[in-house]
Amino acid sequence: MSQPRLTVLAGPTAVGKGTVSTYIRDNYPEVWLSVSATTRPPRPGEEDGVHYFFVSAEEFDAMVEQDQMLEWAVVHGRNRYGTLRRTVEAAMAEGRSVLLEIDLQGARQVKKSMPEANFVFLAPPTWEEMVRRLVGRGTETPEEQQQRLETAKLELAAESEFDHTVINDDVQRAAAELVSLMGISPRTR
Ligand code: 5GP
């Protein structure tokens, strides 16, 4: 088995990164999934310390100032999200296989500070499927959808910066491919 190391999962908006990482949290307890800090308010069903550490803007500022963030970014021009350096380093020191599910800006920052990490790009099966998922979610206005599609085009062009691409055609299959890239045996139900 390969050395446990840090794997970064990123990809365009609405490609299903959250769904894949939730599947991994529920089905692969041997993966240590980083819990990010965010200034976004919790959605129904989200728990502090499980899905995110929900913090105020002031608390987030203090964490950045004290250099507690391995990386952080403003996502969709609104809220801030960041990975806590201490928790990631502790998990790596314990020999755990660490997974960060973050946006592209964050992935680029990690690439600068930890170029030896494993960078995995989650891609949609097709552009049409991605548009369908973005629009089908129904949570954004048409203007917001248009803006996100523009962003998605730029984000898709970042694929070549990554070590591997996993196509999210099926959550269980994509998760299995991702964990095998982390040196963990995939399971099928
Ligand atoms: P959501 O608000 O839907 O949970 O997440 C929005 C976006 O924030 C997703 O694209 C997710 O990958 C990104 N994100 C979550 N945590 C982090 C983090 O710690 N750092 C960065 N850079 N992005 C994050």
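This note goes through the surroundings of the ligand and then one residue, Thr83.

1. The model is a predicted one, in which local features need pLDDT of at least 70, side-chain atom pairs count only at pLDDT 80 or more, and totals for chains, interfaces and linings use all residues. Residues are numbered from 1 along each chain as its sequence is written, and side-chain values use heavy atoms, with hydrogens and water left out.

2. Around the ligand there are 15 residues, of which Ser36, Arg40, Tyr52, Tyr81 and Glu101 come nearest; a residue is near a molecule if one of its heavy atoms lies within 4 Å of it. By class, this shell has six charged residues (Asp, Glu, Lys and Arg), five nonpolar ones (Ala, Val, Leu, Ile, Met, Phe, Trp, Tyr, Cys and Pro) and four polar ones (the others, Gly among them).

3. Strands S5 (69-75) and S6 (79-84) each supply at least two residues of the shell, strands being DSSP runs (E, at least two residues) numbered from the N terminus.

4. Three side chains place an N or O atom within the polar-contact limit of 3.5 Å between N or O atoms: that of Tyr52 is 2.5 Å from an oxygen atom of the ligand, that of Asp103 is 2.7 Å from a nitrogen atom of the ligand, and that of Thr83 is 3.4 Å from an oxygen atom of the ligand. Taken alone the ligand exposes 520 Å², and the protein buries 87% of that (Shrake-Rupley method, 1.4 Å probe).

5. Thr83 has its place in strand S6 and counts as buried (under 20% relative accessible area, protein chains only), because its value is 0%. Leaving aside residues up to four places away in sequence, Thr83 touches (heavy atoms within 4.5 Å) Ser34, Ser36, Gln68, Met69, Leu70, Glu71, Val88, Leu100 and Ile102.

Notes: A polar contact is a pair of N or O atoms within 3.5 Å; within protein, one must be able to donate a hydrogen and the other to accept it, and residues adjacent in sequence count only if both atoms are side-chain atoms. Helices (H or I, at least four residues) and strands (E, at least two) are DSSP runs, numbered from the N terminus. Buried means under 20% relative accessible area, exposed over 50%, partly exposed in between (1.4 Å probe, protein chains only).
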